[in-house]
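Q: I'd like to learn to read this model feature by feature. Could we start with burial, then move on to rings, empty space and confidence?

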Amino acid sequence: MAAEDASLRVLESLMTEFFHSCTTNDRKREIEELLNSFAGQPASWRHCLYFLSNSRNEYVMMYSLTVFENLVNKMWVGVASEDKAELRSCLPKLLLSQHAQLPFFIRNKLCKVIVDIGRQDWPMFYQEFFSNTLQLVQSPSLAPLGLVLLKMTSEELVCPREDLSVARKEELKKLLLEQIPTVLNLLTGILETVWNKHSVTFSTPPPSPTSRETSALVGDGARAGLALESATLCLLALECLAHLFSWIPLSSSITPALLASIFHFARFGCQPPVKAKPPPTSNGDSAPSGLLANGSQGQGRTGQMVGHADRARLGVMAMNCINELMCKNCVPLDFEEFLLRMFQQTFYLLQRLTNSHVNTHTVKNRLQELDESYLEKFTDFLRLFVSVHLRRIESNHQFPLVEFLALLFKYTFNQPTHEGYLSCLEIWSIFLDYLTTKIRSRLADRDSVLNRYKDALVLLLREVLNRVQFRVNQSQLEELDDESLDDDQQTEWQRYLRQSLEVVAKVMELLPSQTFSILFPVLQEDLDIYLGLQQFIVTTGTSRRLNITAEADCRRLHCALRDLSSLLQAVGRLAEFFTGDVFNARFRDALAVVQRLVEVTCYGSQISLYDVETAVPSVLKPDLIDVHAQSLAALQACSHWLAQFCSEVQRQQDQTQFVDLITSSMAATTPLINAKVPEKLLLSACHLLVSMATTVRPVFLVSLPAVQNVFNLITENHNHRLPQEAHVLVCRALSNMLLLPWPSLPEAEQQWPSRSSNHARLISTLTHQYRLQPRPPDHHPNSKVVLQQTLCVLRDLVDSISGEATKSRQICYQSLQESVQVTLALFRLYLQQPDVTDEMLSFFLALFQALRVQMGAAFTEQIIQTFLSMFTREQLAVSILQEGSSGSRVVEKFLKILQVVVQEPGQTFKPMLSSILSLCMEQVYPIVAEHSCPDVKAEMFELLFQILHHNWRFFFKTSVLSSVQRSEVEEHMENQAQFIAAMQAFGQSFLQPDIHIFKRNLSYLEILNTKHKLYHRKLFRSSMLFHFINVLLQVLLHKSHDLLQDDITLALYNMAAVDFPAFFSSFLPEFVSGCHGIDPHQRTTLTRNFTPERDLPSFSQGVYRLVNDLRFYRLCNGSLPPGTLKL
């Protein structure tokens, strides 16, 4: 005893020294080595048992428990049976005797060790483990401790780590499921007892949510005081239930009484705080919250009442339990009545939350006072209800869905935070999607379905529109950040507006005429203000000023302009609902909108409001620019409608209306294509011009004076060149006007000769400086700028016509031919300047993707051979190893070009396959195999896959018939060495840590097997198949790519399916016999447990069992003491 006491003093001294701030890292390492050495001794746990019983030093207690935890989880198999029995006896006794004095984290750690022993030994060697826990739960004084143990038992036994075999995991789950009815009854009893004891005016919810009586809402039993001890107990019980519900199936064990009890406590979250002074403590301060997250109680006095925050936490945990049940999509038929009861209870809670008659509070004030976490949980519940269960409950006449939507409406539009509001909008979006899908599947009674919800949808639409308008909601909208970008490159305001407009669009799809009649008058109102600004413009000399200076007037104008910008975005979002089959039916409304948009854009361009001085330039000037830009964007969104209008008027004599719209819109757009115009407005104008040229394609567009002015601007040498992005867009628009066929006109009327010569002139002018670049380069900074800017324009022109008709591509290539030759000549000269060659290869990649047929086989081959000759291994190494640099991107683009080439059907490029494969395997692969280079590596493997996929007969000459019949005829194979090298590269990639490359390459092999029966090929089957299976199994064993477990298992199944008998009789025993760290008996067990089933689910289960049990056996064997005899 004296020796152990001395050891305890030494340990306390060491632990205190270790955690002291003055202790050096070297000394800490020494202490750590001493502690680890002590923990590794066979009998160290006996000393730890003494330390735990006799020390109050938290560091010592935590260290001792860590020794126990390591013993149970890693060395239990090697512990003598009498020592195990002693531990099973001593630790629970220690917990019972000292739990009240232990800090909660020490108590929880001790509970965890006891549960870990139960996981290993219950019920065979530790029969009383679970019954002891249930006895504690039933003991009035020890129930909190029992609930902590019960929750840990659920956590550790249902989802154990890899220290158990699959058979043991299945056994534990089965044993626990047998105990669930008893456990749920005990937990129900705890909740009911506390509720009945502390609910003075207890009343149940109304039997039906259709009840209009509010008496039950006004008085509430939950208002009665709740003692701290009772609240702690209930919180622990609810935490237990939440975890149990996460894994137990829906069954009759979840009784109505249990559900009612949970909902009783969910009411706590609905209560706003009582405006009363908290009781003073002995020193006169207010009492702190006594309900802790771990279930332990604060130091309050017995009988102390819980405060608002603690009641709210009970409500949050109750909602957590409910949501665990709600998220189960697989609902047995006999459980649907039970779900209805749940929804009725929730309806009652929603009534409470949105009831504005209690204490004269408004709904918003009530929600603002509630716990934020509770509202989040309740919103989660509503989302689960609508997304998972609405289809089950909608047709049930006992559930009043329309009344539910009315309450959801109140709940949504009284949310105290923007995030809460947007979360509720998501619920409405889910509901609208559900309604749209339902109507599409039941067109016969479309009207009756719509009429049921029509009023609710109209109300929703009006309120959502109000919420995005500054004149209605300015104070809240001003809080939204409109500068910082999130991960989706949106500001907080843009996200808010986008989600709101998505709801408007979904309502528009269901109720088009009603939506238009609500939206258009609001738009008109703001447009009238905007169009009336001209009268307030005062001109003095060369400056113009907006004569609105009063603060109130400026604020009103700011609100009107922000609202107009939002409504214009709404109009753009809804433009799609005027096209297609409904074009004629909604023509009048659409024409009114487009005419109004053209009027607004013309007005903005004529009086140049973006150039006007204002009283508050930091606010009003951006507003004016934004309105003008949004009017152009809205008109651009109508381009598909204009294209359909264009097709319609081709069949009519009178085209005046259409011509006027296009002419006016171009008159409004082209003056803005100027370097002096603000960039936001300039880009909007350029995008509109592109849409007119690409989507609408009116015959007369190119001849309009306004468009001719743009041609002159671009082709004449002006000092004020447009910014690069705008310049590229304008060049694309002008090129497409000349290249794209006019809709609804025969080939003879397309005027190709004149359009072709005009396009050649345009390209010649755009590339004039580029084609005159000195050779060799003079290294003048301007030369590089000309190269990069011109190549960027040319690449964009090619990309824009890649999917167009052959004639368009022919004309395009004819115009570009000289520039392509120049680029090829310059490429060699600029090889050492990767930023330039990057642009050149981007251009060539676009050419190969869009115009390779027009370039012809000979010239294409010349380009590829030129590249192949220049990309030496040394050049590749320099470029690839500069990861993320221009040089690395050059190699990526080159590999992309080769991908396009090898996918070309026919025999044109087949002679180049050997050279491309040689580049891949002999020059690129050796470099990327030794280094990370993820981007280049991904493109190289993509190229290898495309070579194999599109040129299978380059390797296998087997006829299609024999392949289909899996004929035993000897396969004739060519280029075998290159095929083997490619497969080895794929195999090696599965040994690398890059999970993205692994996933892609695995999918490539699966595609090759699906399309070409790769795994069935004789060469693969005889010399590679089992190597691949072995590698994939090793990956699963090492858990290095666990995210891809399902993909790997599927690939294993497809490989094994080539020859199941050989897999089970030959490979599996061989694989298991080669596994180190297990004994012969374990090898036999592993092989026997992998049942020779041939369906995918059974095979997947077999793989999981094999991998899990192999890891388990290694863990067990590694924990045995040296010299242990293995039977």
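Q: Is Phe-1020 buried or exposed?

A: Phe-1020 is buried, with a relative accessible area of 0%. Buried means under 20% relative accessible area, exposed means over 50%, and partly exposed lies in between (1.4 Å probe, protein chains only). Phe-1028 counts as buried too, at 6%. Across the 1127 residues of the protein, 53% are buried. This is a predicted model: local features need pLDDT of at least 70 and side-chain atom pairs pLDDT 80 or more, while totals for chains, interfaces and linings use all residues. Residues are numbered from 1 along each chain as its sequence is written, and side-chain values use heavy atoms, leaving out hydrogens and water.

Q: How many aromatic pairs does the whole structure have?

A: Rings of Phe, Tyr and Trp (its six-membered ring) pair if their centres lie within 6.5 Å; planes under 30 degrees apart are stacked, over 60 edge-to-face, and the rest tilted. A search here finds 68 aromatic pairs. Take Phe-413 and Tyr-421: their ring centres are 5.7 Å apart and their planes meet at 55 degrees, so this pair is tilted. Both of these residues are buried. Phe-1020 and Phe-1028, on the other hand, are stacked, at 5.3 Å centre to centre with 20 degrees between the planes.

Q: Which residues form one aromatic cluster?

A: Phe-1026, Tyr-1053 and Phe-1060 are among its members, and so are Phe-1063, Phe-1064, Phe-1067, Phe-1071, Phe-1090 and Phe-1099.

Q: What about empty space: how many cavities of 30 Å³ or more does the structure hold?

A: Rolling a probe the size of a water molecule over the atoms shows where empty space is left. A cavity is a set of points, on a 1 Å grid over the protein atoms alone, where a 1.4 Å probe fits but cannot get out; lining residues have an atom within 4 Å of a point. Points are joined across faces, edges and corners, and the volume is the space filled by probe spheres set on them. The structure holds nine such cavities, and the largest has about 80 Å³ of space. Its lining includes Met-692, Arg-697, Asn-736, Trp-742 and Arg-755.

Q: Where should I be careful about confidence?

A: pLDDT is the predictor's confidence in each residue, from 0 to 100. The mean here is 88, and 91% of residues reach 70 or more. Over residues 209-223, though, pLDDT stays under 50, and over residues 276-288 it is below 50 as well. Where pLDDT is low, the predicted coordinates should not be read in detail.

Definitions and conventions: 1 Å grid on protein atoms, 1.4 Å probe; cavity = no way out; pocket = protein on both sides within 12 Å on 5 of 7 lines; lining within 4 Å. Contact = heavy atoms within 4.5 Å.
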